[in-house]
Amino acid sequence: MNDQALLQEALKEARKGLLEGGLPIGSVLANQQGQIVARGHNLRVQSGDPTAHAETVCVRNAGRRRDWAELTLVSTLSPCIMCTGTALLFRIPRVVIGENRNFQGPEELFRQHGASVVVLDDAECVRMMREFISEHPDLWNEDIGK
């Protein structure tokens, strides 16, 4: 799978979150062969867990592993500081971001720690988040700690 195909899988996760009444942010982890090893979507609203962001849920779903340094994290939205820290903790070397127009996390922090960052600026990711933020500013602000 290429980056765009992996992003499509993360978008499927984002749509699940939206259908469940949560935020439309999705994530997948893929190995070097492009096979998805874990999936996750933002479950903060559904679970009542403020740390249940898509990337964190995805990492949790990956379970115990020894191949973190060979994985790629794909997210529909630029990861926040908590999710960036999680990826850095496990030394995930590559991050693919669907969009960073609606929210830009500390992407430079990835680069400072030697991780590769690819921003696809995907129109569907931009549209989905823009509409969600417009329709649910209270949930969005809660998600980013405002």
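Is R39 buried or partly exposed? At 31% relative accessibility, R39 counts as partly exposed. Keep in mind that this is a predicted model, so let's walk through what it shows, starting with the partner of R39.

That partner is E13: the two form a salt bridge, with their closest N and O atoms 3.8 Å apart. E13 sits in helix α1 and R39 in strand β2 (residues 36-41), so the pair ties together parts that are 26 residues apart in sequence. The two ends of this bridge sit in different categories of accessibility: E13 is buried, at 4%, while R39 is partly exposed, at 31%.

Stay on helix α1 for a moment. E9 and K12 also pair up there, in a salt bridge of 3.0 Å from N to O. They are three residues apart in α1 (residues 3-19), which means about one helical turn separates them. Here E9 counts as buried, at 12% relative accessibility, and K12 as partly exposed, at 43%. Put these residues together with K16 and you get a network: E9, K12, E13, K16 and R39 are linked by salt bridges. The whole structure has 14 salt bridges.

For another bridge, hop over to helix α5. R111 and E108 form a salt bridge there, their closest N and O atoms being 3.6 Å apart. Both lie in α5, three residues apart, or about one turn of the helix. R111 is partly exposed at 38%, and E108 is partly exposed too, at 45%.

Now for the interior. The largest nonpolar core has 16 residues, and L29, W68, I92 and F110 are the ones that touch the most other members. The elements giving two or more residues to this core are α3, α4 and β4 (94-97), with α3 giving the most, at three residues. There is also a second, separate core of 11 residues, which includes A10, V28, A30 and V74.

Take a closer look at F110. Leaving aside residues up to four places away in sequence, F110 touches P79, T84, A87, L88, V95, A115 and V117. Among these contacts, T84, A87 and L88 are also on the list of buried residues of helix α4 (residues 81-89), along with C83 and T86. What covers the buried residues of α4 includes α3 (54-62), β3 and α5 (107-112). After α4 comes R91, whose phi is positive, near 55 degrees.

C83 leads on to H53, which is found in the loop between α2 (44-47) and α3. Being in a loop doesn't put H53 out in the open: H53 is buried, with a relative accessible area of 9%. Its contacts, again leaving out residues up to four places away in sequence, are N42, R44, C80, M82, C83 and D143.

Finally, turn to S75 in strand β3 (residues 72-75). Where does this serine stand on accessibility? S75 is at 0% relative accessibility, so it counts as buried. A polar atom of the S75 side chain lies 2.9 Å from the backbone oxygen of L77. Beyond four places in sequence, S75 touches L7, I25, G26, S27, E55, V96, I97 and G98.

Key. Residues numbered from 1 in each chain as written. Predicted model: local features only at pLDDT ≥ 70, side-chain atom pairs only at ≥ 80, totals over all residues. Heavy atoms only, no water. Helix = DSSP H or I, 4+ residues; strand = E, 2+ residues; numbered from the N terminus. Buried < 20%, exposed > 50% of the residue type's maximum accessible area, 1.4 Å probe, protein only. Polar contact = N/O pair within 3.5 Å; in protein donor to acceptor, adjacent residues only side chain to side chain. Contact = heavy atoms within 4.5 Å. Core = buried A, V, L, I, M, F, W, Y, C linked by side-chain atoms within 4.5 Å. Salt bridge = Lys/Arg side-chain N within 4 Å of Asp/Glu carboxyl O.
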